[in-house]
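Reader: I am new to this structure. Please explain the terms as they come up.

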Amino acid sequence: MSPLLSLAYLVASILFILCLRGLSSPEAARRGILLGEIGMFVAVVATLLHKDIISYQWIIAGLIIGSGIGTAISLRIPMTKMPERIAFSHAFGGLATALVGVSEFIKTKGFVPRLEMGALGFEVFLGFLTFTGSIMAFGKLQGFITGAPVTYKGQNFVNIGLFFGTLVLLAVQVISPGAHPELLYATCVIGLSLGVMAVLPIGGADMPVVISLLNSYAGLAASATGFALHSNILIISGALDGSSGLLLSLLMSKAMNRSFANVLFGAFGTAGGTPALAAGGAARPYNEASIDDAAAVLKASQTVIVVPGYGMAVSQAQHAVRDLAAQLQKRGVDVKYAIHPVAGRMPGHMNVLLAEANVPYDDLFDLDSINDDFSRTDAVLIVGANDVVNPAAKKDTSSPIYGMPVFNVEQSRSILVLKRSMNTGFSGVENELFFLPNTMMVLGDAKKTLLAMSAAMKEGEGH
């Protein structure tokens, strides 16, 4: 490798690290993304100038086609569908990595050094697992596949057995490279199968952790590709991607107060359900409020905390939330946003949506910094959030979400919940908050409800 190429890769690697550092806070996220894009541009240009590349026609064709497809997808998909978009991208990133490994194996007829053979086998396995696993995650988020866990007796033992069986196949290939080429293709089949079987029993409520974990797999596969192809930039960038994805998955599991193993094997969540029933089969009583009732509560408040959830994303209500908050702030109301680390369907989902609506970063507060404020708050406006405001997580030891850190919304003076219906949310866990005496349920599409509430408040101002 030439000194100039090595320098370019070093610069790209530093930019990737600065990118991850920038993404650690909302204020620096845009700058971090820009640094990452510059780093990737430097890495791609440097690679295209590599002495081993003797023809560019296929590269140019792939660049044009891929850029066209990527641009079209990005322009058409709304921010509310970013979890599905990310899962879909992971799928083809994993597939590309796996196909590079298969291509290298065919080119060398399997006769590669043992260390490279191990990296190549690992790359192919994780790449194909990421491909089908991400397709499954995409299907669950999009609704093509049921969001409920799909399980059968002995499922975990089968999945674990396939994983360790793959390690045995890789060990045989490392010991005798090229002697049993069929074993690599068996590894491909197992990777494809395990991607489906590993995600199938995971409930839709845990998809944020799954997406992050699949991102980690894709990074590790890319790093393994770097070892197989002697590419330092792939080793470094893949390792950064893999380690950051794994750490994020662990942090999100901690935010739900659940072990990583429980997320992967616990089969949690039922993708929604019917309303809870009281004794005798009748529906549990709750306080249903009108638009005017909700507007009156907000007008009488001096402090308001907005708690967004996936329902805000579904109805694309982030701009309506911002407009209502701005209207309240003009009246002198102190408005804050409480952002739970696992709200939505991907890491940082609520932050992305609110940033798109130009909500100031200074108005966003995480669980630890805002939880004590609820007891001093006049009104809480919950827009499509469910598990993250469920008080059962703190007191009901039989609840599946017991121990999960949640917002203390029940301590506020008044609670307004915007929700489509009284059905349970994506996790399938009944929310006790909805039946408290200080909770007012405003049922319907969140965006339409918010717009109507803003109109009702303006009418009141006119009088």
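Reader: What makes the sheet open or closed, and in which order do the strands come?
Author: The sheet is open: its 6 strands follow the order β3-β2-β1-β4-β5-β6, with parallel pairing. β3 (364–366) and β6 (439–443) are the edge strands; each has a single partner strand, so one side of each lacks a neighbour in the sheet. From one strand to the next the twist averages 25°. The model is predicted: local features need pLDDT of at least 70 and side-chain atom pairs pLDDT 80 or more, while totals for chains, interfaces and linings use all residues. Residues are numbered from 1 along each chain as its sequence is written, and side-chain values use heavy atoms, without hydrogens and water.

Reader: How do you know that β2 pairs with β3?
Author: Two strands pair if DSSP finds at least two bridges between them. Strand β2 (residues 334–339) is joined to β3 by 3 bridges, so the two count as paired. In one of these strands, β3, D366 is the bridge partner of I339.

Reader: Why are α1 and α2 called roughly antiparallel?
Author: Helix α1 (residues 3–22) packs against helix α2 (residues 26–48) at about 160°, with axes 7 Å apart. Angles under 35 degrees count as roughly parallel, over 145 as roughly antiparallel, 65 to 115 as roughly perpendicular and the rest as oblique. The pair is therefore roughly antiparallel.

Reader: Which residue classes make up that contact?
Author: The contact of α1 with α2 has 17 nonpolar, 5 polar and no charged residues; charged means Asp, Glu, Lys and Arg, nonpolar means Ala, Val, Leu, Ile, Met, Phe, Trp, Tyr, Cys and Pro, and the others, including Gly, are polar.

Key:
Axes are lines fitted to C-alpha atoms, for helices over the stretch in contact, and angles run from 0 to 180 degrees between N-to-C directions. Helices (H or I, at least four residues) and strands (E, at least two) are DSSP runs, numbered from the N terminus.
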